[in-house]
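Me: I'm new to this structure and would like a close look at one part of it. Please pick a single helix, take me through it slowly, and then show me how the rest of the chain is held together.

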Amino acid sequence: MIVYSSLLLAALVVGAPYWLVRMATSGRYRAGLAGRLGVVPKGLRAAAAGREVVWVHAVSVGEALAATRLVAELEAALGEGWVVVVSTTTATGQALARERFGAERVFFYPLDFGLAVRAYLGALRPRMLVLMESEMWPRMLVECERAGVPVAVVNARVSDRSFARGARVRALWQRMLRRVALFLVQSDEDARRLKEMGARADAVRVTGNLKYDVRAPKQSRVAELIREAAGGRPVVVAGSTVEGKQDEEESLLMRYWPSVLKEVPEAVIVMAPRHPERFAAAYSVMKEHGTVRATELLAGMAGPVVQGGNILLDTIGDLAAVYELANVAFVGGSLVRKGGHNPLEAARFGLPVVMGPSYENFRDVVERMRAADGILIVQNREEFEAALIDLLKSRERAAAIGERGRAVFDAQAGATARTVQALMAVLRDRSAAVR
C-alpha cells in the first residue's frame, strides 16, 4: 500500500497542471472535488445518521441505471432502520443518480488515498460495500478489510482486455481479488475468468445480468418531442456512439447514412453519443446534414425534422425512452474497437439490433442473441448499409428479429432477486459473526 499510494500520488502530482487547467475551464472537473478528497457532505452524514448503511458504488450512467432496481429491492428487503447510499465517479453518473435516488444520499466516490477512504468509512460505518461490475480500488479494499466491512462486486464481468491484463500480473490481482467477500457475476465465462485471475472459487457465484431486469423507462418529454418531430417516419436510433482511435462513430454513420436514404428517403436517424462531453463534437459532424438537437426541441427552437434530416440526442437519461420509439437500433462502441455496449438496452423493446464487429465487452449477451438469431452483426460499411436498408424495408423480418432478441432478454430475468438474496445472506452472516 505504501508503494501503491506513492505511485498514485506521483501520478496526481505529474498530472496536476493538466487537471488544474481542466478544472479552470470546466465545471465538470470541479464538481465534487472536496468530496473526492475526503470531505464527507453534511447531507450524506444526516442521511446516514442513526441508520444502518449499505454503500453502493456505481461508476457512471450505465452502472447507475443498472443499480436503480437493485437499490429499490435491496431497501425493501432491508426494511426500516437501513439506508442505501450511492456513490459515482463521473459527473454524468452523479446527475442521474441524484435524479433516481435523491441528492441527499448520493456522493462522489473518494480518491483512493487512505485519509479520503477512511473519512467515508468512519462517517458512514457501512455494513457492506457493493461495487457495480468491476470498479475495484486497492486502498478501498484494504481499508474495508481493516474495518471489517465485507465487499461484494455485483453484476461483475471480466472483459477480454481485463482478463489479458490480469493474467499477466496474476499474483497482484490475486491479492486484491481475495479481499472481496463475494463476486456475483453475469455469466459462467466471467466466473471462470475471475477464478483464473485468483478469486476464491467459493466467493464466485453466477447470478446473471442486472440489466436484464431494467424496468420500462420513465416518461420522457424528449422522446415525445422526437416522436412528433419525426412525424411518423421510420426512426433509426444509434445509441452510445463513441470516438475511436482513427475516427468517431458519428462520422462513420454520417458517411454511411446517404446510402440508406437513397433506398429509404423518409428515414430519420437519432444519434446518441455515449459521453455528454462529446455532444458538441457530434453536432459539428452532423449539422451540415440538417440536424436538430434534442435541447432545441425542448426549448421550442426547432420545427419538424425535414426529410433526410437527423436528430442529436444531447440530453442525459433519455436514451431508453428514445429506443422505445425506434424501428431499428444500432448499438455503438462496435464500429470502432471499443468493445461495444449493451444491446439489451434496445432489445428489451423488441427492436432489431445491429452492431459492428467489436462487441467483446458484452460477448456473452451478444452470443446469446446471435444463437437466437436476435441480432445482426455487421463487419463493414456495405454490410451495415445493407442491414439497415433491409430492416427498414422488411418490417416483418425486422419485427421477427426484434422479438427473438426480446425473448433472450425475458429468459434471463431474475438477476436482481438473486443478487439481493445473496447480499442479504452476507449481511446475515456478518451480523451472526459480530454477535
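Reply: A helix here is a DSSP run of type H or I with at least four residues, and helices are numbered from the N terminus. Keep in mind that this is a predicted model.

Let's take helix α18, which covers residues 363–371. Its buried residues are V365, V366 and M369. They sit on the same side of α18, because they span an arc of only 95° around the axis. There's a general pattern behind this: an α-helix has 3.6 residues a turn, so residues three or four places apart point the same way.

What lies over that buried side? The cover includes α17 (344–347), β13 (353–355), β14 (376–377) and α20 (395–411). After α18 comes D373, whose phi is positive, near 55°.

Now for the wider setting, starting with the nonpolar parts. In soluble globular proteins, nonpolar side chains tend to be buried together. The largest nonpolar core here has 41 residues, and the ones that touch the most other members are I226, V237, V270, L313, Y323 and M355. Helix α12 (residues 221–230) contributes the most to this core, with six residues. A second, separate core of 35 residues includes C144, V149, V158 and V185. Back in the largest core, L313 is a good one to click on: beyond its neighbours within four places in sequence, its contacts include V222, I226, V270, F279 and V322.

Salt bridges come next, and there are 26 of them. In one, the side chains of E133 and K211 meet at 3.6 Å, N to O. E133 is in the loop between β4 and α8 (138–147), while K211 is in the loop between β7 (204–206) and α12, so this pair ties together parts 78 residues apart in sequence. Both E133 and K211 are buried.

Another bridge joins R179 to E145, with the closest N and O atoms 2.9 Å apart. R179 lies in the loop between α10 (170–177) and β6 (182–185) and E145 in helix α8, 34 residues apart. R179 is partly exposed at 27% relative accessibility, and E145 is partly exposed too, at 46%.

Finally, salt bridges that share partners join D160, E189, R192, R193, E196 and R363 into one network. That brings us back to our helix: R363 falls within α18, residues 363–371.

Notes. Residues numbered from 1 in each chain as written. Predicted model: local features only at pLDDT ≥ 70, side-chain atom pairs only at ≥ 80, totals over all residues. Heavy atoms only, no water. Core = buried A, V, L, I, M, F, W, Y, C linked by side-chain atoms within 4.5 Å. Buried < 20%, exposed > 50% of the residue type's maximum accessible area, 1.4 Å probe, protein only. Helix = DSSP H or I, 4+ residues; strand = E, 2+ residues; numbered from the N terminus. Contact = heavy atoms within 4.5 Å. Arc of directions from axis to C-beta. Salt bridge = Lys/Arg side-chain N within 4 Å of Asp/Glu carboxyl O.
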